[in-house]
Amino acid sequence: MTDNEDIRESESGENDSTDQTAQAAQTAQAAGEKKYSCMCVGNCQSRCRLFVHVKDGKAVKTSMAPFSDPRYNRVCLRGLSHVQRIYDPKRLKYPMKRVGERGEGKFERISWEEAIDIIVTKFKGYQEEFGKQSVAFSTVSGNMALLNGMHSSYRLANLMHASQTDYSLDMADTFGLGRVIGSGGVFNQSNDPADLANAKTIIVWAANITDSHPHAWRSVADAQEAGAKVVVIDPRFTTAASKADQWISIRPGSDPALAMSMAQVIISEKLYDTSYMLDHTVAPFLVREDTKRFLRLSDITGEKPQKKPGKKLKDPYVVWDTENNEGKVLDQVKRPALEGTFTVSGFKVTTAFSLLKEQMSAYPPKAAAKMCDIKPEEIEKLARLYATNKPSSIYPGFIQYNNGLQTGHAWGILASLTGNIAKPGASVGHCGLSLYNLNVLPLLFPKGKTSPIIPWVILKDVLRSGEFHGKPHPIKAMYFHGSNVVCNAANQNQIINTILPALDFIVVTDMVETDTTNYADIVLPASHWFERLEFVQGPDQPYSTLSEKAIEPAFESKSDMDIYRLIGKGMGFGEFFEPTDEDFIKMVIDTDAARAAGLTWERLKKEKAIQTLPSCWVNWKGNKFPSPSGRLEFYLENPKPRLDCGIEIDQSREHLPHFEPPFEAWPDNPLAKKYPLVYHTVRHRWRLHSQWYGTPWLRELDPEPAVRINPVDAKARGIKEGDIVEVFNDRGHVVIKAIFSEAQRPGIVTVPKGWQKEQFIAGSYQELTHDHVNTSDYNQSFYDVLCQVRKVQDNE
Amino acid sequence: MANNRYVMLIDMKRCIGCHTCAIACKQGNNLPNQIWWNRVLTFGGPTMDTPHGAFPNLEMNFLTLNCQHCEDPACVKACPAEATYKREDGVVMQDYELCLGCRMCIMACPYSNVRSYNEDRPEYYLDFQVGDELVEEQEKGTVSKCTFCHHRIDEGLEPNCVEVCPANARFFGNIEDKNSTVSQLLETRKYTQLLVDKGTGPSVYYLI
Amino acid sequence: MLFKEWSLIVNSLMLQLAAGMFAFLALYRLILTGDMGSENVITMTSPGIVLTGPVVLAGMIASIFHLGSPIRAYRSIVNVGTSWLSREILFTGAFFAFWLACYWMERNGNLNPVLMWITVIASLLAVVSMAYIYYSTEKPGWFSFNTFTGFIGTAVIFGSVSSTIIIFNSIGSPDYIKLEYIKPDYIKSVLIISSLVSLLILIIRLIGQFKLFPTLNINKDEFSMDRLVAAAPLTSEQISLFKLLTLWGLGSSILGMALILLILFFGTIKQGCTVIIVAAILIALGELLGRSGFYSLGPDE
């Protein structure tokens with residue numbers, strides 16, 4: 001990057017990364033200051049390696065720590081503010097017991113012994129009286145490290161046979177695409193974001209990439225410098241849009257229409273990659289007209305395939321052999337038919353590609369452009385660019401509408417048609433690989449998977465009916481860890497007024513006071529990431545890393561794992577929590593695959609960061625996909641919901657995507673008359689979800705929340721810049737300052753995400769969002785919201 | 001090297017206005033509350049992160065602004081106490097122990113708010129010094145400003161703001177060395193400088 | 001905010017008062033001696049000459065309050081080579097030092113005219129340096145010709161008015177009137193000339209300010225990088241406050257000066273002695289308002 005790179009290298013004497021790291025740690029010890037190698041483990045997926053500079057037992061600085069490949073050296077404004085987060089004015093210091101009403105924020109200091117005793121007594125009591133499931137653990141993404149993140153929670157919950165809530169966040173599109181790939185509703189979809197530098201076309205789709213993933217943006221900028229075309233699809237004029245070669249401002253929630261119309265253009269203009277489709281997708285598979293399933297050998301022979309022990313059920317797919325004009329088993333056919341309807345052994349079948357072609361024909365650019373409120377030519381141009389200026393990557397944001405699933409599915413179709421996946425520069429989806437080559441399951445499920453999982457979005461129904469999966473399922477107590485659910489989950493008033501009051505007992509662990517700790521009966525102070533030992537791996541960089549314990553836990557705080565150790569011991573699972581953090585890490589990395597990648601405890605301890613994947617690695621290498629067929633299944637023969645909650649879905653609507661308008665935020669919705677504006681709660685660089693909400697340095701730069709509104713919409717409501725306004729709908733309101741911004745597409749207002757209730761003049765940004773349940777993906781559609789804005793007070 | 005002349009380059013095509021440089025500066029130099037030596041200005045609309053123009057014909061850029069370490073600095077001329085001075089390598093420094101707090105430098109500087117005045121005793125959120133150990137403590141009644149992290153560059157390190165840039169948009173080096181990254185970039189890229197007509201010869205270049 | 005820079009306001013007005021008064025008195029000693037007899041002129045001008053030093057000193061002391069680190073004030077003359085502030089302080093110091101010598105000689109009754117003129121030159125250099133301090137900044141409203149008409153002008157006006165008061169008081173005093181050989185008409189014409197010059201300066205200022213006003217509104221919407229980073233443009237509140245203070249100040253000064261001229265042309269010395277105090281208050285107020293307006297533009301906001 002600069003001249004000093006040479007200096008850094010020459011200091012280390014040789015280019016051996018290991019030595020460089022060790023040496024860096026040593027030179028740090030000069031001048032009474034000690035440097036520790038730590039990992040920033042927020043839910044941004046960048047996983048920056050930081051040096052924590054410690055003096056007199058206090059962290060005095062965080063700085064960027066190098067990786068062996070300097071391309072991965074990274075840090076951001078939040079990573080450089082940890083010193084203030086560690087010593088945050090809102091830091092929780094001691095265990096506390098509620099003395100006021102829930103939500104009042106009145107607590108009394110208690111000892112750890114008393115806190116654990118209360119929790120254990122309560123948990124045991126509920127489990128005895130109402131069953132094991134009556135205690136529920138709820139953990140989300142507050143910590144993405146191995147031990148103290150979700151895994152510690154899983155460990156205790158599964159030992160206790162307690163319930164767990166599923167995150168139910170904003171990953172509908174992840175699931176939509178994951179169904180095609182076969183990876184399901186989890187991350188680990190894309191190539192290494194650094195590989196974006198190898199793309200010739202990059203579509204940044206609804207991602208505020210410069211704020212949320214600045215290090216991924218770095219690679220986009222590299223690609224652009226090398227001549228790649230960058231297209232940003234976003235209703236809002238984001239920073240990325242300002243840098244892009246082309247910015248397409250679509251109507252909010254019209255993403256699936258755009259993606260499917262691109263597919264339609266690619267199909268009708270024959271820009272697809274036939275051989276890729278024949279070899280790596282289900283395109284040539286024959287779909288039975290009657291069952292909508294793929295035709296298999298057993299359909300023809302009538303013999304049920306026998307499952308051999310230890311092996312996958314094998315029932316070969318049948319395709320149409322164009323040489324002999326007959327249906328034959330896939331691996332016996334040289335040239336399968338891509339298109340056509342045939343009759344095989346009496347079954348009327350059509351190729352998956354033909355079905356796709358037919359389905360997409362409903363979305364020609366003219367029709368789709370109307371839905372997206374753009375010009376048809378823009379769609380054509382984009383489709384041609386993506387299909388021909390290859391390799392192309394789609395860098396997605398989270399499609400937080402009720403139709404996010406269709407968008408993700410359609411991205412899978414685009415990749416299937418063009419082969420823009422599993423190659424350098426060709427990628428689609430969220431996040432790279434994390435926790436690979438490891439032995440994680442014994443950490444999560446020491447005595448097996450016993451914990452029933454309830455999606456957060458239907459928790460309200462479970463609490464109301466006392467039933468889940470059609471069976472009694474009372475829940476009395478909840479333990480929240482790594483999640484500020486009152487602030488970050490949709491429909492805040494329902495959480496506060498319906499969900500939390502239905503619980504007899506609430507425990508919240510956190511580092512700082514939050515909207516959620518305010519509603520706890522017991523609050524436990526968690527230590528900061530640098531106050532404990534951790535193991536971190538991926539996803540958006542190729543390293544396996546040890547995060548050292550740089551400082552002692554501040555005040556009386558404890559690591560989450562240590563808190564689970566105490567509760568676990570109280571609950572009678574002491575033996576499972578005897579291993580130290582180091583023991584757990586050693587257990588998890590003790591695999592042949594890890595060793596083959598160079599990951600051993602000895603090296604980890606010495607080097608702190610070991611590159612265990614190649615730089616710019618490619619996901620799904622060799623086009624090996626985890627789907628049942630091993631191919632990209634753009635046609636889903638047996639679409640299932642993300643989670644089995646005993647609720648059936650209409651499969652016929654999910655074999656292939658179709659355009660379904662957003663649940664709420666769509667002009668045809670009659671509600672739009674009353675609430676004509678779309679309401680977006682956007683993610684900024686100033687916080688990570690709600691973390692860093694009170695960090696003083698960041699608050700100096702970003703002191704208060706404000707709603708951004710296009711001057712056209714503001715003037716129509718008599719609002720002047722700086723006025724105090726109320727943004728509201730039937731679910732709630734937020735009173736907030738108004739800022740004019742032409743970046744806002746008229747008809748949309750945005751409020752930044754993650755501010756706590758007390759930081760607003762009144763209400764909260766999260767009161768307006770809804771928790772409509774989509775029984776296919778069980779996610780929350782944070783952007784699928786309508787609102788109105790009115791002036792409350794003039795700007796003096 | 002005998003003749004070093006340090007310059008800073010900021011690639012406006014790459015800069016995303018993320019403020020990481022500002023925070024790195026704030027932390028590294030242990031800047032008092034409300035003092036920012038390196039600020040990020042939105043080159044667009046009137047408020048941070050707003051564009052110029054009317055939807056959808058918009059343009060937006062970011063411009064980070066710190067002391068421009070001019071070759072012929074107006075501040076050095078104006079300072080009655082020689083508290084602000086230029087080093088041989090071009091770094092314009094401020095000696096808190098010599099500064100009178102007359103603010104002539106602030107008034108003489110063509111750039112807005114690159115110098116900060118500690119009207120009162122500097123305040124901090126934490127009760128211990130953070131950032132780089134070698135940073136001098138700021139004093140009441142004195143002016144402070146970007147030093148190109150002199151304490152780091154003297155040890156062969158980059159200034160804090162340059163090291164951390166997530167977008168790789170900041171470069172620092174010796175312009176006298178024709179092989180340095182900065183010289184190479186100035187040779188190959190189009191650039192501009194701020195308020196050149198003031199004749200102070202800024203050492204910060206903006207690649208455009 | 002209005003009097004945030006009170007120390008600079010006091011400092012500048014005091015220096016200009018001292019410089020103007022001393023220069024005028026020196027001038028009167030030179031041109032009046034022949035007609036009035038040196039004894040009388042010395043008696044008449046001596047109080048003003050004695051007063052000059054304390055006024056300079058008061059201004060210098062006030063200026064220290066502007067400094068963030070006043071203990072280091074002694075360092076302010078280190079950079080005479082390029083800093084107008086250093087130069088101003090050097091010349092002000094010289095002014096004071098020469099004045100001390102003048103004062104010593106005056107007490108002994110042998111004030112050397114050459115030394116007196118050296119003192120005048122030092123004082124003028126101090127005033128001009130002070131004007132240059134502001135003229136060489138980036139502040140809209142400061143790097144303007146008006147800064148010179150303002151600072152040098154105040155010295156002339158204050159010098160004219162203070163010397164007029166002194167002479168009036170001397171002439172008005174009972175023992176003076178007994179003196180048969182004074183030529184009041186001659187003195188009167190000298191005073192009229194100095195007052196007319198002062199009025200002319202005020203009019204030049206007025207014109208200058210009207211020329212300056214429109215340039216203060218820098219187009220903040222101009223879309224250029226230079227505009228974005230240039231010294232912050234003045235806010236509309238700042239501009240209107242500046243205009244208000246400037247115009248009221250000029251009005252007050254012009255009124256005061258007109259009053260003096262009125263007396264000089266039509267009044268008697270007896271009337272003059274009271275009216276001129278009113279006029280002097282108007283002018284002092286006017287200059288104070290004008291200077292407050294000047295400093296309301298900066299340096300910090």
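**Exercise 1. Chain C on its own**

What percentage of the 301 residues in chain C do buried residues make up? Also work out the secondary structure of this chain.

*Solution.* Keep in mind that you're looking at a predicted model. Start with burial: in chain C, 47% of the 301 residues are buried. Next, run through the secondary structure: there are 10 helices and zero strands, so the pattern along the sequence reads α-α-α-α-α-α-α-α-α-α. Finally, check how far apart in sequence the contacts reach. Take the contacts in chain C between residues at least 6 apart; 80% of them join residues at least 24 apart.

**Exercise 2. Who touches whom**

Find which pair of chains shares the most contacts, then describe the side that chain A and chain C each turn to chain B.

*Solution.* Two pairs of chains are in contact, and chains A and B share the most contacts. Chain A and chain C have no contact joining them; their closest C-alpha atoms are 13 Å apart.

Now take A and B. Chain A puts in 42 residues and chain B 47 residues. On the chain A side, the elements supplying at least two residues each include α1 (4-11), β3 (58-64) and α26 (696-701). The top contributor there is α8(A), with five residues. Sorted by class, that side of chain A has 21 nonpolar, 11 polar and 10 charged residues.

Then do chains B and C. This contact takes 32 residues from chain B and 31 residues from chain C. On the chain C side, α3 (84-107) and α8 (225-229) are the elements that give two or more residues. Of the elements on that side, α8(C) gives the most, with four residues. The class count for that side of chain C comes to 14 nonpolar, 11 polar and six charged.

**Exercise 3. A sheet in chain B**

Put the strands of the four-stranded open sheet in order, and explain why β10 and β11 of chain B each have one side left without a neighbour in the sheet.

*Solution.* The order is β10-β1-β12-β11 (chain B), and the pairing is mixed. At the edges stand β10 (170-174) and β11 (191-192) of chain B; each has a single partner strand, so one side of each has no neighbour in the sheet. As a reminder, strands of a sheet pair through backbone hydrogen bonds, either parallel or antiparallel. Here, β1 (residues 6-11) and β12 (residues 204-207) of chain B go the parallel way, over four bridges. To find a specific bridge, pick I10(B): its partner in β12(B) is Y206(B). Last, look for what lies across the sheet: helix α6 (residues 181-188) of chain B lies across β1, β10, β11 and β12 of chain B, and runs at about 110 degrees to β10(B).

**Exercise 4. Core and surface**

Find the residues that touch the most other members of the largest nonpolar core, then classify E114(A) as buried, partly exposed or exposed.

*Solution.* The core has 385 residues, and V204(A), M262(A), A263(A) and V727(A) touch the most other members. Its largest share, 17 residues, comes from helix α1 (residues 6-36) of chain C. Zoom in on V727(A): beyond its neighbours within four places in sequence, its contacts include Y679(A), V707(A), L768(A) and V789(A).

Now for E114(A), which sits in helix α4 (residues 112-130) of chain A. Count C-beta neighbours inside 10 Å: there are 13, so E114(A) is partly exposed. Its C-alpha atom is separated by 15 Å from that of Y564(A), 450 residues away along the chain.

Methods:
Residues are numbered from 1 along each chain as its sequence is written. Chains are lettered from A and ligands numbered from 1 in the order in which they are written. This is a predicted model: local features need pLDDT of at least 70, side-chain atom pairs count only at pLDDT 80 or more; totals for chains, interfaces and linings use all residues. A residue is buried if 20 or more other C-beta atoms lie within 10 Å of its own, exposed if 12 or fewer, and partly exposed in between; C-beta atoms are placed from the backbone. Two residues are in contact if their C-beta atoms, placed from the backbone, lie within 7 Å. Ala, Val, Leu, Ile, Met, Phe, Trp, Tyr, Cys and Pro count as nonpolar, Asp, Glu, Lys and Arg as charged, and the others, Gly among them, as polar. Two strands pair if DSSP finds at least two bridges between them. Axes are lines fitted to C-alpha atoms, for helices over the stretch in contact, and angles run from 0 to 180 degrees between N-to-C directions. A nonpolar core is a set of buried Ala, Val, Leu, Ile, Met, Phe, Trp, Tyr and Cys residues joined through C-beta atoms within 7 Å.
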